[in-house]
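Please examine the sequence and the structure shown below before reading on. The report then describes selected parts of the fold in turn.

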Amino acid sequence: MLTLKCPYCDVQAEETELHAGGEAHLTRHGPDSSDDSFESYLFTRENPKGVHFERWRHSHGCGKWFHAARCTMTMEVFGTYPAQTTKPPQAILDAITAKRPGWTWRELS
Amino acid sequence: MSTRLPTGGRLTDRTYRVGFTFNGKRLNGFAGDTLASALLANDQVLMGRSFKHHRPRGPVASGAEEPNALVNLGEGNRFEPNQRATTTELFDGLTATSQNHWPSLEMDIGAINTHLARVLPAGFYYKMFMYPRAFWKHVYEPFIRHSAGLGKAPDAGARDADRYEHFYHYTDVLVVGGGVAGLMAAKAAGQTGAKVLLLEQTAHWGGRAPVDGGLIDGQTPETWVTSVLNELHAMPNVTLRNRTMGAGVYDHGYALGYERLTDHAPDLDGPRHRLWRIRAAQIVTATGAIERPISFAGNDIPGVMLASAVRDYLVNWGVSIGDRTVVVTNNDDAYRTAIALKKAGLDVPAIIDARNYGGGALMAEAQGLGIRVEQGRGIAKVLGGKRVTGVAICNQQGEGAILDEIACDAVAMSGGWSPVVHLWSHCGGKLDWDEAGAFFRPRAEAGPTGADGKPFVSVAGAADGHMALASLLKDAAQTGTVAGNNAGFSGQTSAPDATDVPEKPLEPVWLMPQGARYDLRMKAWLDYQNDVKVSDVQLAAREGYESVEHTKRYTTLGMATDQGKLSNINGLATLSNALGEAIPEVGTTTFRPPYTPISMGVIAGEARGPLFQPIRQTPIHAWHENHDVHWEPVGQWRRPYCYPRGEEDHAQAVIREVKAVRQSLGLLDASTLGKIIVKGPDAGRFLDMLYTNMMSTLKPGKCRYGLMCSENGFLIDDGVVARLDEDTFLCHTTTGGADHIHAHMEEWLQTEWWDWQVYTANVTEQYAQIAVVGPNARKLLEKLGGMNVSKEALPFMTWVDGTLGGFPVRIFRISFSGELSYEIATPAGHGRALWDLLYAKGAEWNITPYGTEALHVLRAEKGFIMIGDETDGTVIPQDLGLDWAISKKKDDYLGKRAQARSHMTDPSRWKLVGLMTEDGSVLPEGAYAVAGGTNANDQRNTQGRVTSTYFSPTLGRGIAMGLVLNGPDRMDEVIEFTHVEGFTVPARIVDPVFYDPEGEKQNV
């Protein structure tokens, strides 16, 4: 059972306080999008063995959405950050690179 | 015979006699006994029957690994099957019965299976029950159901009489196991200043060491344990809990402890079991090791036992298993059993040592006591049926030619020791094969890692493969210190000096004799409970099973309630030998928590009965309760379903309530409806994205019905939106939808449109809402006075604030029934008083409170959809003919793009229509409309289904709504609906609005 630090409350939250929200940094595709790009937005997800970026909500806490960078294999957490961003903060990318040289995730590395 | 010796038993108190019953027979034991030791003291070696062959079985072990001695414990509401006699502490009045036999333990018809063993090989079920297919229902299934399961399930009407609780605990270091290694590790960790929790599954501290002997700092282990315990009790940062098993280790330092508080003393107050939900920075597992049996023919006959268990029963409880015990071993440790027995005055006719080179100092000591030692020999077979009568010995290297027969009534066997690596492995710790000890041990550098990427589990003592006292204590002191250091504390503790008797190396023995013939191998048990023998695993290998996980499931090896603790290694070795591979290549099966079974009650904890889920109550709840309400659960709420009067049944009550609303005046508690405030300069823009229709154009003072879809396009909620002012909207949601729709709003606001200036608040519980419905509704509000509720002042789909009958209210002119209707919201604290006033003043119009079922009938008569009836997560608004509520002007809303996908625009999607049976009957719920022909699975094709169906009191007949292929284009056509009785019901496709299609009644 994971613990993740809520970047708003600054508390180490138990998984039971949290609600998982799937892959982070999706770009919404609206009415003008092609069938393929819309399908990809709705259904296609990364399934990495290793570094992953996910959405979580501190649902039994402050109610805020945040993102976590996590290793799906070892459960190591590289950092959490507010969801109001389109890409992970540089400090978190650096932290991942330090621990997982050569990592990639979508277009990130 | 097994008996209590005149003296001895370090754990028993002979001054206190304890009475209990086994299969109705009254027996006595002593305080400190386990059920197993007390039964053995009464010469009751036979304690149960095996699962498949119904073989007579006695205990083979003395602890948690016991596979045989499972009993039914307790009676009535405290009845529990499959309780281990070896871990059940005896108490006055304990009642136990044996299981898995008929008619009796001694005489079991099912034992015929043991003679059918040749036709009950591995994979028997898969092979046997395939053909003929028709046998499944009437022959195979009843047979399997009859023989399935050990023990018997508690009576259906029984309710657990005990209490259980959860306990949250945060600690720096958790040490699991209270043997000498665990005590040492806890002391070392505690001396760094770390907060330490030490758990021990039994009632006693010190583990095996006091039985096995040796010297620690010149003291006996027992004395050393006492002094360390005193030290630990004196340390304020150390918490000790015995009778508490470390059940599982999970991600990020989470662990479960299972404390049994009153199992040994049911008269004590308080909860029976407690689940410790532990979060630890570091976990040290000091879980010891378990002795392995040896696979020889007849190794399951009652009286054949682990050498350590024989020693435990003797030393701990003063019980001898037999007068003459043959010891069979492949290592030095079992000599301790022979020596202990001899010193207790019992006869040890021989020690059969499979090693040509024999043992070390312990062998010399045994020989000095006059015990015959046979080196390089094995047991060809055990003689006897329900009890051991002797052993036939042979050369270990041969095929089982008998050299000698030795009369005895007990056999103590030792195939070496396996570290208990379960907790290490639960969360991904890796294992290495140790050639010298012939066991799997933790690979120190490959432990489970935590959130910081660093290991959080370490292993101390015998669990780490350190079997000798000196190295075990050194390892434990080191491990405890490092755990404290890793948790952020400094300090160092050195291990005490200990002396061990030097031992000769073990020789792995996976089959005895090594070339045993088939008739011997098919009597050499691996998994006792599930009757898996050496021959079964070998057969599986011959049939092509290579993966240990597949072999496990095919043969059921290790799938019994002991989960292979006793002899999984023996099974793995047998498989690897049969495959011609090294043991580490074959590997182990997966270790999963809990370590031993924990009660269902403790998992539920306090969450049972009324506490299972908190019930949400409206401010008017108590009134309903006092008026013969029949409740309906709606989400976590309880809503009135109907209010039966006198002799009325529910259907009659609903008819009366519907008629009252249509003809005069009804009253509904609508407080549970979701109410979400959406406020801010961008509120209108936001709601335009959330709803399919345009909300930003709504004028303050007006209401509009809206539909909400997911990004997938499917309809998820509906409700009336009221604009309170330029910046503020009040969104009504369904009762069940309030929380998740609010979460849905927040998700989009926080993660997609976070720059929009919008604030949401779920105010559902802040207001009571009461619907006053029916032709006389306006008269009642006018009678209360204070507000102009005329058609002109408050037209349909508007709202107004004011004071009604002295109450601060907001009145919405909205209708879910098709009648003149006012929904009156008032701060929750006024809700009950306003309801009472409305009810009292409405008496002159025979005001009738109505429940959810009448509400459903009223809305169905009007053709209004209900989320969850007409929708099921696959329905889009267009399916329901709600195109009028979908804005054509908006560029975007959640679901718009999805509703343009080819499958969503497919003209063959089933669409909503009304349905009326030809005979006026009520269509069955969920019935399908049948079409011609069959599909690929030989099932009849379908062309629609019923979504809502009711008896309409207004029309005096059954009405229904349903989704039908091309439905709206097939008005007046009659189609057939399925009925569970096998026939079909013809129904005519009609408009879904059955009542007042012009809307004249609600707009007055």
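The following text moves from the overall form of one chain to its core, a sheet, a contact between chains and some points of the backbone.

**Overall form of chain B**

The model is predicted. The secondary structure of chain B consists of 25 helices and 51 strands. Along the principal axes, its C-alpha atoms fill a box of roughly 115 × 70 × 55 Å. Chain B has 1004 residues, and 52% of them are buried. Among the contacts in chain B with a separation of 6 or more, 66% join residues 24 or more positions apart.

**The largest nonpolar core**

The largest nonpolar core contains 172 residues, of which B:V173, B:V175, B:A185 and B:V411 touch the most other members. Helix 5 of chain B supplies the largest share of this core, with eight residues. Apart from this core lies another, of 104 residues, which includes B:A670, B:M708, B:L730 and B:L820.

B:V173 belongs to strand 9 (residues 164-176) of chain B. Is B:V173 buried or exposed? B:V173 counts as buried because 29 C-beta neighbours lie inside 10 Å, and the cut-off for a buried residue is 20 or more. Leaving out residues up to four places away in sequence, B:V173 touches ten residues named here: B:A189, B:A194, B:V196, B:A280, B:A281, B:Q282, B:V284, B:A483, B:G484 and B:A487. B:V173 and B:N486 are 313 residues apart along the chain, and their C-alpha atoms are separated by 9.3 Å.

B:A185 is another of the core residues that touch the most other members. Apart from neighbours within four places in sequence, B:A185 is in contact with B:V175, B:V284, B:A286, B:A460, B:A476, B:T479 and B:G480.

**Two helices that meet**

Helix 5 (residues 180-191) and helix 12 (residues 469-486) of chain B have axes that come within 7 Å and cross at roughly 35°. The crossing of helix 5 of chain B with helix 12 of chain B is right-handed. On the side of helix 5 of chain B, the residues in contact include B:M184, B:A185 and B:A188, while those of helix 12 of chain B include B:A476, B:G480 and B:A483. By class, this contact has twelve nonpolar, four polar and one charged residues.

**A five-stranded sheet**

In general, the strands of a sheet pair through backbone hydrogen bonds, in either a parallel or an antiparallel manner. Chain B has an open sheet of five strands in the order 37-38-39-36-40, and its pairing is antiparallel. Which strands are the edge strands? They are strand 37 (703-709) and strand 40 (759-762) of chain B, each of which pairs on one side only. From one strand to the next, the twist averages 25°.

Within this sheet, strand 36 (residues 674-679) and strand 39 (residues 728-733) of chain B form an antiparallel pair with six bridges. B:K675 has B:H732, in strand 39 of chain B, as its bridge partner.

Two helices accompany the strands. Helix 21 (residues 683-690) of chain B lies across strand 36, strand 37, strand 38 (715-725) and strand 39 of chain B, and runs at about 130° to strand 36 of chain B. Helix 22 (residues 738-751) of chain B packs on the sheet and touches strand 36, strand 37, strand 38, strand 39 and strand 40 of chain B. The direction of helix 22 of chain B makes about 165° with that of strand 40 of chain B.

**The contact between chains A and B**

The contact takes 22 residues from chain A and 20 residues from chain B. Helix 1 (residues 35-43) of chain A gives the most to the side of chain A that touches chain B, namely three residues. That side of chain A has nine nonpolar, seven polar and six charged residues.

**Particular points of the backbone**

The table lists two cis peptide bonds and two residues other than glycine with positive phi.

| Item | Angle | Place in chain B |
|---|---|---|
| B:M512 to B:P513, cis | omega near -10° | B:P513: loop between strand 30 (498-499) and helix 13 (518-521) |
| B:P593 to B:P594, cis | omega about -5° | B:P594: loop between helix 17 (583-586) and helix 18 (600-604) |
| B:R243 | phi near 50° | loop between strand 12 (238-241) and strand 13 (244-250) |
| B:D938 | phi near 70° | loop between strand 47 (928-934) and strand 48 (940-952) |

B:R243 counts as buried because it has 21 C-beta neighbours inside 10 Å. B:D938 is exposed, because 6 other C-beta atoms lie within 10 Å.

Key
Residues are numbered from 1 along each chain as its sequence is written. Chains are lettered from A and ligands numbered from 1 in the order in which they are written. This is a predicted model: local features need pLDDT of at least 70, side-chain atom pairs count only at pLDDT 80 or more; totals for chains, interfaces and linings use all residues. Helices (H or I, at least four residues) and strands (E, at least two) are DSSP runs, numbered from the N terminus. A residue is buried if 20 or more other C-beta atoms lie within 10 Å of its own, exposed if 12 or fewer, and partly exposed in between; C-beta atoms are placed from the backbone. Two residues are in contact if their C-beta atoms, placed from the backbone, lie within 7 Å. Two strands pair if DSSP finds at least two bridges between them. Axes are lines fitted to C-alpha atoms, for helices over the stretch in contact, and angles run from 0 to 180 degrees between N-to-C directions. Ala, Val, Leu, Ile, Met, Phe, Trp, Tyr, Cys and Pro count as nonpolar, Asp, Glu, Lys and Arg as charged, and the others, Gly among them, as polar. A crossing is left-handed if the near helix is turned anticlockwise from the far one by less than a right angle, and right-handed if clockwise. A nonpolar core is a set of buried Ala, Val, Leu, Ile, Met, Phe, Trp, Tyr and Cys residues joined through C-beta atoms within 7 Å.
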